[in-house]
Amino acid sequence: MIALLAAAPLLAACKPQSEGPEPIRWGRETCEICGMIISEPQYASEIRGGPDRKLVKFDDIGDAVNWLEEQPWKDAPDIEFWVMDYDSGTKGDAWMDARQAHYRAGMVSPMDYGFAAVRHPASDTVDYATMRVEVLKRGLTWRCVPGADGEGHRG
């Protein structure tokens with residue numbers, strides 16, 4: 001009985017989360033859409049949703065936006081969508097709601113979508129809706145499409 005009581009906190013810690021962002025093992029986990037290793041914390045994103053509340057991880061906000069667009073539950077009100085705050089640097093511990101973030105354009109992001117999330121609006125940022133429209137208009141970048149010819153397109 002004592003062993004079971006002692007193990008209870010450890011077992012609870014192993015239970016999969018059903019809400020909130022989770023740490024990414026930098027350099028070891030891969031992006032859900034392109035399969036690349038997630039190694040640049042300041043561009044990472046995560047989405048939790050769907051009937052199983054599964055968490056998926058991405059190396060670039062553009063991949064996350066494109067992936068979500070393909071899900072049948074993309075408009076569900078309980079979707080959780082996080083991005084890492086670019087200004088927090090490479091610590092990889094500053095998650096924020098992707099829909100509340102602002103996006104600095106013209107960045108050199110891992111999959112070449114060119115957006116980085118920041119907490120506060122500035123003259124060089126756009127809101128989530130504007131960033132989303134730009135990403136979807138462009139489609140998947142050439143880095144995400146096997147055998148692509150350099151022209152990003154949705155596959």
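Me: What makes strand 3 and strand 4 a pair, and how many bridges join them?

Reply: In this predicted model, three bridges join strand 3, residues 80-84, to strand 4, and the two run antiparallel. Two strands count as paired when there are at least two bridges between them, so the three bridges found here satisfy that requirement. One of the contributing positions is Val83 of strand 3, whose bridge partner in strand 4 is Met96.

Me: Why are strand 2 and strand 4 said to stand at the edges?

Reply: Four strands form an open sheet in the order 2-1-3-4, with antiparallel pairing. Strand 2 (54-58) and strand 4 (95-97) each have a single partner strand, so one side of each is left without a neighbour in the sheet. Within this sheet, neighbouring strands are turned by 25° against each other on average, direction ignored.

Me: Which strands are the edge strands of the sheet with the order 6-5-7?

Reply: That open sheet has three strands and antiparallel pairing, and its edge strands are strand 6 and strand 7 (125-127), each of which pairs on one side only. Here the neighbouring strands are turned by 40° against each other on average, direction ignored.

Me: How do you know that strand 5 and strand 7 pair?

Reply: Three bridges join strand 5, residues 102-105, to strand 7, the two running antiparallel, and the pair therefore meets the cut-off of at least two bridges. In strand 7, Asp127 is the bridge partner of His102.

Me: Why is helix 2 called roughly perpendicular to helix 3?

Reply: The axes of helix 2 (residues 61-69) and helix 3 (residues 128-138) come within 9 Å and cross at roughly 80°. Angles of 65 to 115 degrees count as roughly perpendicular, which means that the crossing of helix 2 and helix 3 falls under that term.

Me: Which residues meet between helix 2 and helix 3?

Reply: Ile61, Gly62, Val65, Asn66 and Glu69 of helix 2 meet Met131, Arg132, Val135 and Leu136 of helix 3. By class, the residues of this contact divide into five nonpolar, two polar and two charged, with Gly62 among the polar ones because Gly is counted as polar.

Me: Across which strands does helix 3 lie?

Reply: Helix 3 lies across strand 5, strand 6 and strand 7, and runs at about 90° to strand 7.

Me: What residues line the largest cavity, and what is its volume?

Reply: A search of the whole structure finds one cavity of 30 Å³ or more, and the largest cavity has a volume of about 40 Å³. The lining consists of Gln42, Tyr43, Ala44, Ile61, Val83, Met84, Phe115, Ala116 and Ala117, which divide into eight nonpolar, one polar and no charged. Tyr43 belongs with the nonpolar residues because Tyr is counted in that class.

Me: Which strand supplies the largest share of the lining of the largest cavity?

Reply: Strand 6 does, with three residues. Strand 3 and strand 6 (115-118) each supply at least two residues of this lining.

Methods. Residues are numbered from 1 along each chain as its sequence is written. This is a predicted model: local features need pLDDT of at least 70, side-chain atom pairs count only at pLDDT 80 or more; totals for chains, interfaces and linings use all residues. Side-chain values use heavy atoms; hydrogens and water are left out. Axes are lines fitted to C-alpha atoms, for helices over the stretch in contact, and angles run from 0 to 180 degrees between N-to-C directions. Angles under 35 degrees count as roughly parallel, over 145 as roughly antiparallel, 65 to 115 as roughly perpendicular and the rest as oblique. Contact means heavy atoms within 4.5 Å. On a 1 Å grid over the protein atoms alone, a cavity is a set of points where a 1.4 Å probe fits but cannot get out, and a pocket is an open set with protein on both sides within 12 Å along at least five of seven lines; lining residues have an atom within 4 Å of a point. Grid points are joined across faces, edges and corners, and a volume is the space filled by probe spheres set on the points.
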